[in-house]
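Visitor: I should like a close look at a single part of this model, followed outward to the parts that surround it. Please treat the packing in a connected way.

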Amino acid sequence: MISLSIEDINAFVNGEVVGTTTHKITGLEQIQKATENQATFIGNRKFAALWKDSKASLAIINDNIDLEPGENRVLIKVKNADLTMAKLLESFTPATPHFEVDIHPSATIDPSAKIGDGSRVGAGSYIGKDVVLGNNVTIYPNVTILDETTIGDHTVVWSGTVIRERSEIGSHCIFHNNVSIGADGFGYRPSDDGRGLVKIPHIGNVVIGNAVEIGANSCVDRGKFSSTILGDGCKIDNLVQIAHNCVLGRSCIMAGSSGLAGSVTLGDGVMIGGSASIKDHTTIHSGATVGAGSGVMNDVAAGKTVLGYPAVDSREMLKQWVALRKLAR
């Protein structure tokens, strides 16, 4: 078990210590659930009132919050408690699953594949023809990586993930359980005789930049002609759909159950709320935000926030909701 003193913790977070405690800190927890050997965080004044009844011995708080530590308890004041929490969580992160050997005997690796120094491949995984894994790549059990795929250094691929042929994956990426990379896009046309649908082949691939994280059960489909592209630093939640030939800029965020139809373009830093849907061939320019549950039918200007179904300027939609509420009274 990890056990840190207040001095140990403050050496890491470099804040202002207020108060004293005899307790060691063995973990982190929400303010209402914490025990006397756990630390908690207060990054917003609305949670400050909960400190009085919390059993936590330590709270990391924003330095603009006025609060007393209390008996045998400590506050550490920092500029941004949320960012400090993220740093401190690294100190308490449990060890990752153990590999007895770097390459498990039950893994199937094509002789033409190249495995970099320090890379590990778990039980039951399949590495196809001409696949290239960089250095220190971790492939957990039961992962499938098909032909001619490249994966950069320090990328982690969790169990159940399937990476289809010719995908290009950057360094320091994380793919959580059951991610699908490079499946065919959803494309059909009516047959000449009008009696069925004809499947449209998708012959492109997927290109993913560096430091991209994709949540469990999310899908990124291959391009019809060229590539579906996710830029550096994109963060994708669970159960997200990114369709064929979409292009995401740098550091985009997509929350759970949101989806992009085919050939959507996102600029840098776009934020898509949970369960939002984006129509095909739409462009959402850099810095724009799409509210949760919204349906985007048209292009969105840079820096704009849209909301509703169909999505419009958030201020306009809020006015509409207020007017409807008044009519309903």
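Guide: What follows begins with one helix and then turns to the cores, a set of paired strands and the cysteines. The model is a predicted one.

Helix H1 spans residues 6-13, and its buried residues are Ile6, Ile9, Asn10 and Val13. These four lie on the same side of H1, because the arc they cover around the axis is only 95°. An α-helix has 3.6 residues a turn, so residues three or four places apart point the same way. On the face turned away from the buried side, H1 carries the exposed residues Glu7 and Ala11. The cover over the buried residues of H1 includes strand S1 (16-19), strand S4 (58-62), strand S5 (74-78) and helix H2 (81-91). Directly after H1 comes Asn14, which has a positive phi, near 55°.

The nonpolar packing extends beyond this helix. The largest nonpolar core has 47 residues. Phe175, Ile181, Ile208, Ile214, Ile242, Leu248 and Ile284 are the residues with the most contacts inside that core. A second core, separate from the largest one, has 15 residues, among them Ile6, Val13, Leu58 and Val78. Ile6 and Val13 are also among the buried residues of H1.

Within the largest core, Ile208 may serve as an example. Leaving aside residues up to four places away in sequence, Ile208 touches Glu168, Ile169, Gly170, Cys173, Phe175, Ile181, Ile214 and Leu230. Strand pairing adds to this picture. Strand S21 (residues 205-208) pairs with strand S16 (residues 168-169) in the parallel sense, over two bridges, and Ile169 stands opposite Ile208 in S21. S21 also pairs in the parallel sense with strand S24 (residues 227-230), here over four bridges. In this second pairing, Asn205 stands opposite Ser227 in S24.

The cysteines remain to be considered. The structure holds zero disulfides. For Cys234, the closest cysteine sulfur is that of Cys252, at 4.4 Å, which is too far for a bond; a disulfide would require the two sulfur atoms to be within 2.5 Å. Seen from the other partner, the closest cysteine sulfur to that of Cys252 is in Cys234. Cys234 counts as buried because its relative accessibility is 0%, and Cys252 is likewise buried, at 0% relative accessibility.

Notes
Residues numbered from 1 in each chain as written. Predicted model: local features only at pLDDT ≥ 70, side-chain atom pairs only at ≥ 80, totals over all residues. Heavy atoms only, no water. Core = buried A, V, L, I, M, F, W, Y, C linked by side-chain atoms within 4.5 Å. Buried < 20%, exposed > 50% of the residue type's maximum accessible area, 1.4 Å probe, protein only. Contact = heavy atoms within 4.5 Å. Arc of directions from axis to C-beta. Pairing = 2+ DSSP bridges.
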